[in-house]
Amino acid sequence: MATLGLIEEFLLLTLEDEGGEFDNVPDIHLNCGLAGAALMDLALRGRIDSDLDAIWAVDTAPTGDGNLDKVLAHIAAEPARLDARTWIGRLSKDAAAIREAALRDLCAGGVLRQEDHRFLWVLKARRYPVVEGQERPEAKRRILALLFNDELPDPADVALIALADACFVFERILTPTALASVRARISQLGHMDLIGGEIARTAQKMNVELKAAERRTVIAGLAGNVMEWYDFGVYGFFALAIGSQFFPSHDPATSLLASFSVFAVGFLARPMGGLLFGHLGDRLGRRFAVIASVVMMVVPTCLMGLLPTYEQIGVAAPIILILLRLAQGLSVGGEYTTSMVLLVEEAQPKRRGRVGSFAPFGAFGGLLLGSAVGAALISILPPDHAAAWGWRAAFLFGLIIGLVVLYVRRRLPPEETILATEEARKSPIAEAFRTQWATILKVLGLNLANAVGFYLCFVFITTWLSGLGQPVPQTTALLLNSLGLLILMLATPVSGILSDRIGRKPMILLGTGGMAIFAWPLFWLMSHGTIPAIIAGQAGFALLMSCFTGASPAFMVEAFPKYVRCSGLSIGYNLALTIFGGTVPMVAVFLIARSGDALSPALYLSAAAAISFFMAVIIRGSQETAK
């Protein structure tokens, strides 16, 4: 094969050591690196020149490299002399095509072979084929060796080192101690080529800017989760009042069951929401999709606060309520799994558990806010006022939260910046079902403990406590539930950090196994109705649940190949939450009414957790612990 170009060698720097996926560098950095590699390679070949203020073509003869020839023709056709920043920005938009062409060349040249969507080394020990009787060391070994000796590298390796530094590759393949020891050497080598160094420094500045833009995107995603789940928390906490006003009946249990049935309706739309907003994000851009998801949540939330009751407009009231819940379900289905994938994918491999845990952290924050608002209203208002219109005030307060989220999301980077610097993450549903159906079913089973455990222990629990033989006042139940949610929210990032150190699977097995064993004892403890017993029970559930919620985002994302992560995870997760999460309050009321035993829902949770434990054992993630 011909000598590898800078684009191909830069790509190989980002490949996992044993082959697989190009996960070592986030797409936003990789795209700038590929654009910079094309420019630097053309400069090394004498096809372009630069005065550090602009780049222009000096020799338009073909290089024999398809990628480089396209870039060279693009530069030669530009009448004006543009700077490196402009060219990197332009070429970043074509980075996906550049990457695919380079991978085809690597496969055709006998360096890599493609297996589904993974790329494996053809020769063992990450070796290149012999060219003209000479063996060239593989890029990663060659570059790392140069950092730890005083040899003078050739110009191509100087460019490769500058590119790797610009795209934060060394932060991902070296320990902090090792990186600190060679930082001066990296800087020295990066300044050996004036033109290439300027291109690399420009790429690095753009990457830093894009990283800041990405941080704003993460903040916007967390804020969206707070908004999305605030409404679900408010509805669960005021289910009794809503049921009596929209589903009046002589039997209070019937009204409550109908109210929780509408609660479940919102979950029916979640799988469709994941597909809908994935489509909008691909066709119209992420900025449009995330703003649309907030609007689809905040408008129904506001309308629910103003909706006339059954007594005022008859059967139209529950029908409109159901439609509003469907709209909210679509919104939540599109929001949560997408934010989970983005957080995990854009995190460093050694921090995926920690960063991924912020998806549930934001959701718990929204539910906690809903619980706190409900508790505050009930404590301030007389009981009859709280039941009559206090829940409306809670929903209308969601309008304020929604406006804040809209403000945050409207400050996202311009749409062209996001679309130009991220690989398109489409939702190939047919491909996901064809190649990943077994993993989808496993993820569905894995989330039974999450679905049943969370909605039983942190949503339905307030209603359950109020229905004990010695009923707990609703104000007290809401306050205690808020405390339990707070413990869960704070423990979730800790679990995520631990999953980076000891592995995702051990944390998930600890959480699901613990719920299977201790569900009945903890419910029995809370059934005593005393405040210390309830706090101890909910704290126990919170700590066990956090083992799952902190480690599972990274675990589930890593279970799917990159090309079907959004679609596969959305299907499996949302189906679990739809079938088993949204129906929890309804099933719990049914079990208690049928058996006459207030502890019967605990057995349902134990069975769900046992299934999840088994699924965690058999799921194989691509990276259960970061190394």
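Tutor: A salt bridge is a side-chain nitrogen of Lys or Arg within 4 Å of a carboxyl oxygen of Asp or Glu. Please keep in mind that the model before us is predicted.

Student: What makes the contact of Arg 90 and Glu 78 a salt bridge?

Tutor: The N to O distance between the side chains of Arg 90 and Glu 78 is 3.1 Å, and the limit is 4 Å, so the pair counts as a salt bridge. Arg 90 lies in helix 4 (residues 84–92) and Glu 78 in the loop between helix 3 (66–76) and helix 4, so the bridge ties together parts that are twelve residues apart in sequence.

Student: Why is Arg 90 called partly exposed?

Tutor: Its relative accessibility is 32%, and partly exposed covers the values between under 20%, which is buried, and over 50%, which is exposed; therefore Arg 90 belongs to the partly exposed residues.

Student: What makes Arg 352 and Glu 558 a salt bridge, and are they buried or exposed?

Tutor: The closest N and O atoms of Arg 352 and Glu 558 are 3.3 Å apart, which is within the 4 Å limit, so the pair qualifies. Arg 352 is in helix 17 (residues 352–356) and Glu 558 in helix 26 (residues 531–559), so that the pair links distant parts of the chain, 206 residues apart. Arg 352 has 3% relative accessibility and Glu 558 has 2%, and because buried means under 20%, both residues are buried. Arg 352 and Glu 558 also belong to a network of salt bridges with Asp 500 and Arg 504.

Student: How do you know that the rings of Phe 358 and Phe 361 are edge-to-face rather than stacked?

Tutor: A search of the whole structure finds eight aromatic pairs. In the pair of Phe 358 and Phe 361 the centres are 5.6 Å apart and the planes stand at 75°; because centres must lie within 6.5 Å and planes over 60 degrees apart count as edge-to-face, the pair earns that name. Phe 358 and Phe 361 are three residues apart in helix 18 (residues 358–380), and are therefore separated by about one helical turn.

Student: Why is the pair of Phe 454 and Tyr 455 called edge-to-face?

Tutor: The ring centres of Phe 454 and Tyr 455 are 5.2 Å apart and the planes are at 85°, so the pair is edge-to-face, the angle being over 60 degrees. Both Phe 454 and Tyr 455 are buried, and together with Phe 364 and Phe 458 they form one aromatic cluster.

Key
Residues numbered from 1 in each chain as written. Predicted model: local features only at pLDDT ≥ 70, side-chain atom pairs only at ≥ 80, totals over all residues. Heavy atoms only, no water. Phe/Tyr/Trp six-rings, centres within 6.5 Å; stacked < 30°, edge-to-face > 60°. Helix = DSSP H or I, 4+ residues; strand = E, 2+ residues; numbered from the N terminus. Buried < 20%, exposed > 50% of the residue type's maximum accessible area, 1.4 Å probe, protein only.
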